[in-house]
Amino acid sequence: MNEDQEIERDDTLLESSPYSSTYKSIKTRGNKSLYILLGILLILIFIGGITYFLKKGLTEGETPPWQTNMNHLELKIADLERQITELQSKIPSSVIDPDLLQRLEGLSKRVEALEKIKAPPVESKVKPPPPKNLAPTKKQYHWVQRGETLYTISKKYGISIDELQKLNHLSKGQSLHVGQKLLISK
């Protein structure tokens, strides 16, 4: 217990002495300078780390990965060009087989002979469109699916794009959206 009392007396002596304010200011100045030194040290470590990683990534002996890939692609292109020239050199350009020429002439004569012969009239398999004024038709609609255009819809139902636009009051540049209901026939 005596030691505790002595320590308390020493503290009271410091506080009551005329130098106590000087001691406190030195103590606070020391803390501020410590914080400043720590801040400067952290900044230096940060800058050192950045320069280390930049130098590590850009060493003189290594090439960047994109450069390696580019060189690899250039080698492949050069190899493909070489293969094309080899194939073109193997193809005979001026050599024509006389047997093939004779067969071609014979076929062309047969085609001419067949063209001269009148072919009997062939009934067309295309059905004529039904008359429009006979019976009223039920309105037919189409819901637009993903990827469909006016062109694909018009081909699907056998009507023109202009007619589709008129039926649905669409302008020339107007786009379609998924789920849109289009009138196909009146």
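A residue is called buried when its relative accessible area is under 20%, exposed when it is over 50%, and partly exposed in between. The exercises below apply this and related criteria to a predicted model.

**Exercise 1. Determine whether Gln 165 is buried or exposed, and identify its contacts.**

Solution.
Step 1. Gln 165 is located in helix α6.
Step 2. Its relative accessibility is 8%. The limit for burial is under 20%, and Gln 165 therefore counts as buried.
Step 3. When residues within four places in sequence are left aside, Gln 165 is in contact with Leu 150, Leu 170, Ser 171 and Lys 172.

**Exercise 2. Identify the buried residues of helix α5, and state how they are arranged around the axis and what covers them.**

Solution.
Step 1. Helix α5 spans residues 150-157, and its buried residues are Leu 150, Ile 153 and Ser 154.
Step 2. These residues cover an arc of only 100° around the axis, which puts them on the same side of α5.
Step 3. A general rule of helix geometry is relevant here: an α-helix has 3.6 residues a turn, so residues three or four places apart point the same way.
Step 4. The face turned away from the buried side carries the exposed residues Lys 155 and Lys 156.
Step 5. The cover over the buried residues of α5 includes β1 (140-143), α6 (161-168) and β2 (181-185).
Step 6. Beyond the helix comes Gly 158, which has a positive phi near 70°.

**Exercise 3. List the members of the largest nonpolar core, and name elements that each supply at least two of its residues.**

Solution.
Step 1. The core consists of eight residues: Val 144, Leu 150, Ile 153, Ile 159, Leu 164, Leu 170, Leu 182 and Ile 184.
Step 2. At least two residues of this core come from each of α5 and β2.
Step 3. For one member, Leu 170, the contacts can be listed with residues up to four places away not counted: Leu 150, Gln 165, Leu 176, Gln 180 and Leu 182.

**Exercise 4. Describe the setting of Gln 180: where it lies, whether it is buried or exposed, and what it touches.**

Solution.
Step 1. Gln 180 belongs to the loop between α6 and β2.
Step 2. With a relative accessibility of 13%, Gln 180 counts as buried.
Step 3. Not counting residues up to four places away in sequence, Gln 180 touches His 142, Trp 143, Val 144, Leu 170 and Ser 175.

**Exercise 5. Characterise Gln 140 by its place, its accessibility and its partners in space.**

Solution.
Step 1. Gln 140 is part of strand β1.
Step 2. Its relative accessible area is 37%, and Gln 140 is accordingly classed as partly exposed.
Step 3. Although Gln 140 and Ser 185 are 45 residues apart in sequence, their C-alpha atoms are 5.2 Å apart in space.
Step 4. Leaving aside neighbours within four places in sequence, Gln 140 is in contact with Tyr 157, Leu 182, Leu 183, Ile 184 and Ser 185.

**Exercise 6. State how many salt bridges the whole structure contains, and describe each of them.**

Solution.
Step 1. The search of the whole structure finds three salt bridges.
Step 2. Arg 82 pairs with Asp 79, with the closest N and O atoms 2.5 Å apart. Both residues lie in helix α3 (residues 65-90), three residues apart, about one turn of the helix.
Step 3. Arg 82 also meets Glu 86 in a salt bridge, at 2.7 Å from N to O. This pair is likewise within α3, four residues apart.
Step 4. The residues of these two bridges are partly exposed: Arg 82 at 40%, Asp 79 at 31% and Glu 86 at 38%.
Step 5. The side chains of Lys 172 and Asp 162 meet in a salt bridge, at 3.4 Å from N to O. This pair links distant parts of the chain, with Lys 172 in the loop between α6 and β2 and Asp 162 in helix α6, 10 residues apart.
Step 6. Lys 172 is exposed, at 68% relative accessibility, whereas Asp 162 is partly exposed, at 41%.
Step 7. Through shared partners, salt bridges join Asp 79, Arg 82 and Glu 86 into one network.

**Exercise 7. Report how many aromatic pairs the whole structure contains, and state which residue lies over the face of Tyr 141.**

Solution.
Step 1. The search of the whole structure yields zero aromatic pairs.
Step 2. The residue over the face of Tyr 141 is Lys 181, at 4.3 Å from the ring centre.

Methods:
Residues numbered from 1 in each chain as written. Predicted model: local features only at pLDDT ≥ 70, side-chain atom pairs only at ≥ 80, totals over all residues. Heavy atoms only, no water. Buried < 20%, exposed > 50% of the residue type's maximum accessible area, 1.4 Å probe, protein only. Arc of directions from axis to C-beta. Contact = heavy atoms within 4.5 Å. Core = buried A, V, L, I, M, F, W, Y, C linked by side-chain atoms within 4.5 Å. Phe/Tyr/Trp six-rings, centres within 6.5 Å; stacked < 30°, edge-to-face > 60°. Lys NZ or Arg CZ within 6 Å of the ring centre and 35° of its normal. Salt bridge = Lys/Arg side-chain N within 4 Å of Asp/Glu carboxyl O.
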